[in-house]
Amino acid sequence: MAVYMSASHSENAFNTHDFVPEWAHEEVSTGTTILAVEFDGGVVIGADSRTTTGSYIANRVTDKLTPIHDHIFCCRSGSAADTQAVADAVTYQLGFHSIELDEPPLVQTAANLFKQMCYRYREELMAGIIVAGWDKRRGGQVYTVPMGGMIVRQPVSVGGSGSSYIYGFMDSNYKPGMTKEECLHFCTQALALAMERDGSSGGVARLAAITEEGLERLVVLGNQLPKFSNA
Amino acid sequence: MERHFMDSQTKGVSTGTTILAVTFNGGVIIGSDSRASIGGYYVSSKTINKLIQVHDRIFCCIAGSLADAQAVTKAAKFQISFHSIQMESPPLVKAAASVLKELCYNNKEELQAGFITAGWDRKKGPQVYTVALGGMLLSQPFTIGGSGSTYIYGYADAKYKPDMSKEECLQFATNALALAMGRDNVSGGVAHLVVITEEGVEHIVIPGDKLPKFHDE
């Protein structure tokens, strides 16, 4: 049966790496839960804080909400190296573009820069990214650029390994026309639910609200997260 | 739900269905979708009933290979009714779940089927038991299973409350099934629900167009 086949396969692997622990030859991954919600006047974004190499938690207080420009952020999921590299490249390109334009850049521009890179290098990359922010032309926007390099704008988007568990919660609890506080509450709950079920998500919940005024960052510590346990 | 020939190479592969069972104040509701598919490419049945009655007040729903599940439940039905006749009383839900567990555990190499057993008995009232793929038996206040269940873990964790009324529980189960069927391509069709109480058994069928709709539909 499959179980015995995989056990003998890993025995062979172990013989060639006798004294090296599993996490030393596993890629660093942000197996994760990320999400973003539009509201009238801005966006709320959120992420967990766990980075793993195999089963070792390399960083339990990661910040997966990366600024790309003053009012534009991205949420990173997938390979930590790939997403950091792509985000750095896009930050540079967008900064240059904004100086040329002499104006703050559009969220759609940032999202399309991500898409171009993720699509061109789709075979090499493992990156699922949600781009969210505020601009003067269209207000709060959320664009999702999943693995493969497609782009689509959505009022609410979830991503990462933990996202599977909260599709039902998102579908039933999201309502168009929520206020910033309602969005923050919705994101906190969704993150807490996903972190409880997904082994690759955990730690603290990081949230940020982006509006015309600027940026507001929040951290909800593990023991302050809403509890849904029925034990 | 019929096993695609590639699936046999990976044990514990998720299966094309959404099933759940929830206890409420005075009874239990067991529910499922009605789609059977071959490898996610072809829907072989739109209206299959995955809720199988193994005794008067005990039902089970199946996840996994349809062939395996039918064989196991047929054997379990026989063993449970024989046991009930010997004991001269209706069987305990735990007994029915244990019968399924024994069959699953002793034949774990050949079988690919998991079960949720739910029912009512005089000793402990309404109960829900999960029998997982390898033969583990676990009692829970509510449980979800099948490939579609991944998408509703968050919803179920957030919305379940102990000691709900029958109406609240029906709403919870219907919403959960609708949400899962909306996201999982191998779950769909109609929603089958069975309400089991001391008084009796009530079978409810909700066709696809009468299922609750959510914000983006």
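In helix α5 of chain A, a run of residues is buried, among them Cys183(A), Leu184(A), Phe186(A), Cys187(A), Thr188(A) and Gln189(A), and further along also Ala190(A), Leu191(A), Ala192(A), Leu193(A), Ala194(A) and Met195(A). The structure is a predicted model, and the points below take up this helix, then a site and a sheet in chain B.

**Helix α5 of chain A**
- Helix α5(A) covers residues 180-197, and because each of its 18 residues should add 1.5 Å, a span of 26 Å is expected, which agrees with the 26 Å between its end C-alpha atoms.

**An annotated site in chain B**
- An unreviewed UniProt entry places the feature "active site" at Thr17(B), a residue found in the segment before strand β1 (19-24) of chain B.
- Thr17(B) has a relative accessible area of 0%, and it therefore counts as buried, since buried means under 20%.

**The sheet of chain B**
- Five strands of chain B form an open sheet with antiparallel pairing, in the order β5-β6-β7-β8-β9.
- At the edges stand β5 (51-55) and β9 (137-140) of chain B, each of which pairs on one side only, and the twist from one strand to the next averages 25°.
- Strands β6 (residues 58-64) and β7 (residues 113-121) of chain B run antiparallel and are joined by seven bridges; Cys60(B) has Thr117(B), in β7(B), as its bridge partner.

**Helices against the sheet**
- Helix α1 (residues 66-87) of chain B packs on the sheet, where it touches β5, β6 and β7 of chain B, and its direction makes about 20° with that of β5(B).
- Helix α2 (residues 93-106) of chain B lies across β6, β7, β8 (125-131) and β9 of chain B, and runs at about 165° to β7(B).

Methods: Residues are numbered from 1 along each chain as its sequence is written. Chains are lettered from A and ligands numbered from 1 in the order in which they are written. This is a predicted model: local features need pLDDT of at least 70, side-chain atom pairs count only at pLDDT 80 or more; totals for chains, interfaces and linings use all residues. Side-chain values use heavy atoms; hydrogens and water are left out. Helices (H or I, at least four residues) and strands (E, at least two) are DSSP runs, numbered from the N terminus. The expected span of a helix is 1.5 Å times one less than its number of residues. Buried means under 20% relative accessible area, exposed over 50%, partly exposed in between (1.4 Å probe, protein chains only). UniProt positions are given in the numbering used here, feature names are shortened, and annotations may be inferred rather than shown by experiment. Two strands pair if DSSP finds at least two bridges between them. Axes are lines fitted to C-alpha atoms, for helices over the stretch in contact, and angles run from 0 to 180 degrees between N-to-C directions. Contact means heavy atoms within 4.5 Å.
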